[in-house]
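Here is a short briefing to read alongside the structure. Take a look at the chain first, and then we can walk through a few of its features together.

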Amino acid sequence: MIKGIKDAQFIEEFLMLHRNEVYRQSDLLRIKICCNELPTCANLKKRKPDLYDENWRCNFCKIEEETFDHFWKCSKIQNVVQDILKRLKIFLVKIIQEYSRDDIDTQELKGKINEFGMWDIGCLYDFTFLMKNQVSCQLIELLRCYKITEEKLLYKVLKQITGGVLLEFKVLIWEPRNGLQIKEEKRCGISGKDKKAKSHSKRTEVGVKDVGCNILESNWNKWNDLAFHRGGH
């Protein structure tokens, strides 16, 4: 699906939007998150059901289905999630102080940041959307409020914010998860050769691609309604 992403007209148009310049610079991890292509257990069971049966669950809690969205609600790593949230709030304060031309009341700024709706994980728009380079109207308005309005500067600040969140996820959640996944695969006798081999499942590749494209288009429509029609980025 990743290889054929440019075949989807709406994605091509999305990537060409000038206001999404930061998005075009995203790396493979970000693209996989956007396209729901991370090799989570939920996706592995769809791709290679002959290797991964229904018993494969979240590598942390071993109970729930392992998806990108689940990581942020997983009971076993809530301390990590809350730490990421805390550091992101601190980072937002620092970066606004660094680039704003105004004299800033730090406590007032912290209060405005704490009022963001994106801290409510699981709501229509939460902070995890930053990893997809989808920025809320609230954040844009806050940056403009502190005179961070010049186009190149705005992109620079947004790139640091979205890149910082992605790095936190990669280092604190995704890489530890991969370590646990590798151990479990070895325990089950799944080798690298097995994972590279073509699946023997009767499910067709076309069927899997159709499901993936439907999910991607659904996510695009959801974000389009949420952000672009309301002045978001």
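Leu172 is part of helix H9, which covers residues 151-187. Please keep in mind that this is a predicted model. With a relative accessible area of 30%, Leu172 counts as partly exposed, because the partly exposed class lies between under 20% for buried and over 50% for exposed.

**Helix H9 and its surroundings**

- Leu172 joins Leu167 and Val171 in a nonpolar patch on the surface. Together, these three residues offer about 230 Å² of accessible area.
- Helix H9 is also where you will find Gly163. Gly163 is partly exposed, at a relative accessible area of 28%.
- Gly163 has a partner from far along the sequence to look at: Asp27 is 136 residues away in the chain, yet the two C-alpha atoms are 9.8 Å apart in space.

**Aromatic pairs**

- How many aromatic pairs does the count come to? The count comes to twelve aromatic pairs.
- One of them joins Tyr52 and Trp56, with 5.0 Å from centre to centre and 75° between the planes. This pair is edge-to-face, because planes over 60 degrees apart fall into that class.
- Tyr52 is buried, with a relative accessible area of 2%, and Trp56 is buried too, at 8%.
- Phe116 and Trp119 make a stacked pair, with centres 6.4 Å apart and an angle of 20° between the planes. The label follows from the angle, because planes under 30 degrees apart count as stacked. Both Phe116 and Trp119 are buried.
- Ring pairs also tie residues into a cluster, whose members are Phe60, Phe68, Phe71, Trp72, Phe116, Trp119, Phe127, Phe169 and Trp174.

**Lysines over rings**

- Which residue lies over the face of Trp119? Lys89 does, at 5.0 Å from the ring centre. Trp119 is thus a good place to pause, as a ring of the cluster and a partner in the stacked pair with Phe116.
- Lys132 lies over the face of Phe129, and its distance from the ring centre is 4.8 Å.

**Positive phi outside glycine**

- Lys62 is not a glycine, but its phi is positive, near 65°. Lys62 belongs to the loop between helix H4 (41-47) and helix H5 (68-71), and it is partly exposed at 47% relative accessibility.
- Asn133 is not a glycine either, and it has a positive phi of about 60°. Asn133 sits in the loop between helix H7 (106-114) and helix H8 (137-145).
- Is Asn133 buried or exposed? At 6% relative accessibility, Asn133 counts as buried, because buried means under 20%.

**Cysteines**

- The structure has zero disulfides.
- Why is there no bond at Cys34? The closest cysteine sulfur to that of Cys34 belongs to Cys35, and at 6.2 Å it is too far for a bond, because a disulfide needs the two sulfur atoms within 2.5 Å. Cys34 is buried, with 8% relative accessibility.
- For Cys61, the closest cysteine sulfur is in Cys58, at 3.8 Å, which is again too far for a bond. Cys61 is buried as well, at a relative accessible area of 9%.

Terms used. Residues are numbered from 1 along each chain as its sequence is written. This is a predicted model: local features need pLDDT of at least 70, side-chain atom pairs count only at pLDDT 80 or more; totals for chains, interfaces and linings use all residues. Side-chain values use heavy atoms; hydrogens and water are left out. Rings of Phe, Tyr and Trp (its six-membered ring) pair if their centres lie within 6.5 Å; planes under 30 degrees apart count as stacked, over 60 as edge-to-face and the rest as tilted. Buried means under 20% relative accessible area, exposed over 50%, partly exposed in between (1.4 Å probe, protein chains only). A charge sits over a ring if NZ of Lys or CZ of Arg is within 6 Å of the ring centre and within 35 degrees of the ring normal. Helices (H or I, at least four residues) and strands (E, at least two) are DSSP runs, numbered from the N terminus. Patches are made of residues with over 30% relative accessible area and no salt bridge: like charges are joined within 9 Å, nonpolar side chains (Val, Leu, Ile, Met, Phe, Trp, Tyr) within 5 Å. Accessible areas come from the Shrake-Rupley method with a 1.4 Å probe; for residues, only the protein chains shown count as cover. A salt bridge is a side-chain nitrogen of Lys or Arg within 4 Å of a carboxyl oxygen of Asp or Glu.
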